[in-house]
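Open the model in your viewer and keep the sequence panel beside it. This tour goes from one selection to the next and says what is found at each stop.

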Amino acid sequence: MGRTRKPMQKGFVESFNGKMRDECLDEHLFDSRHHARRLIAAWRNDFNHHRQHTSLAGLTPAEYANRSKEDQYLNRAS
């Protein structure tokens with residue numbers, strides 16, 4: 001059996017899937033798998049490293065992840 005997810009966890013996944021579909025997949029006709037992989041990688045890079053997210057207090061996911069790692073490091077050092 002598959003892993004059961006909490007309703008909130010599924011909401012985050014569905015939100016991401018909708019954004020990817022609307023902003024990337026529906027906007028392009030892919031000539032090949034290589035072309036699709038390249039465009040999807042570029043979209044994912046923009047989504048994770050350049051686009052600020054209101055749900056993350058205006059941080060990009062990469063900034064949020066780094067801040068979280070720094071917070072964990074500081075908590076261990078204390």
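Why are Trp43 and Phe47 separated by about one helical turn? Select both: they are 4 residues apart in helix α2, which covers residues 33-49, and therefore about one helical turn lies between them. Keep in mind that this is a predicted model.

**The aromatic residues**

Stay with Trp43 and Phe47, and show their side chains. Both residues are buried. A search of the whole structure finds 3 aromatic pairs. In the pair Trp43 and Phe47, the ring centres are 5.0 Å apart and the planes meet at 25 degrees; planes under 30 degrees apart count as stacked, so this pair is stacked. Now add Phe16 to the selection: Phe16, Trp43 and Phe47 form one aromatic cluster.

**The whole chain**

Clear the selection and switch to a cartoon view. The chain has 3 helices and 0 strands, and along the sequence the pattern reads α-α-α. Of the 78 residues in the chain, 15% are buried. Among contacts with a separation of 6 or more, 14% join residues 24 or more positions apart.

Next, colour the chain by pLDDT. The average for the chain is 86, and 81% of the residues score at least 70. Among the elements, α2 has the highest mean, 95, and α3 the lowest, 79. Where pLDDT is low, the predicted coordinates should not be read in detail.

**The largest pocket**

Show the surface and look for the largest pocket, which has a volume of about 280 Å³. Select Ser15, Lys19, Phe47, His53 and Ser55: of the 13 lining residues, these are the closest to the pocket centre. Phe47 thus appears at a second stop, having been met in the aromatic cluster. Which helix gives the most to the lining of this pocket? That is α1, with 4 residues. Both α1 (7-23) and α2 supply at least two lining residues each. By type, the lining divides into 5 nonpolar, 6 polar and 2 charged residues.

**A residue in a loop**

For the last stop, select Thr60, in the loop between α2 and α3 (61-77). Is Thr60 buried or exposed? Its relative accessibility is 4%, and buried means under 20%, so Thr60 counts as buried. Now show what surrounds Thr60. Leaving aside residues up to four places away in sequence, Thr60 touches Asn48, His49, His50, Arg51, Gln52 and His53. One of these, His53, was also selected at the largest pocket.

Technical notes:
Residues numbered from 1 in each chain as written. Predicted model: local features only at pLDDT ≥ 70, side-chain atom pairs only at ≥ 80, totals over all residues. Heavy atoms only, no water. Phe/Tyr/Trp six-rings, centres within 6.5 Å; stacked < 30°, edge-to-face > 60°. Buried < 20%, exposed > 50% of the residue type's maximum accessible area, 1.4 Å probe, protein only. Contact = heavy atoms within 4.5 Å. pLDDT = per-residue confidence, 0-100. 1 Å grid on protein atoms, 1.4 Å probe; cavity = no way out; pocket = protein on both sides within 12 Å on 5 of 7 lines; lining within 4 Å. Points joined across faces, edges and corners; volume = space filled by probe spheres on them. Nonpolar A, V, L, I, M, F, W, Y, C, P; charged D, E, K, R; others polar.
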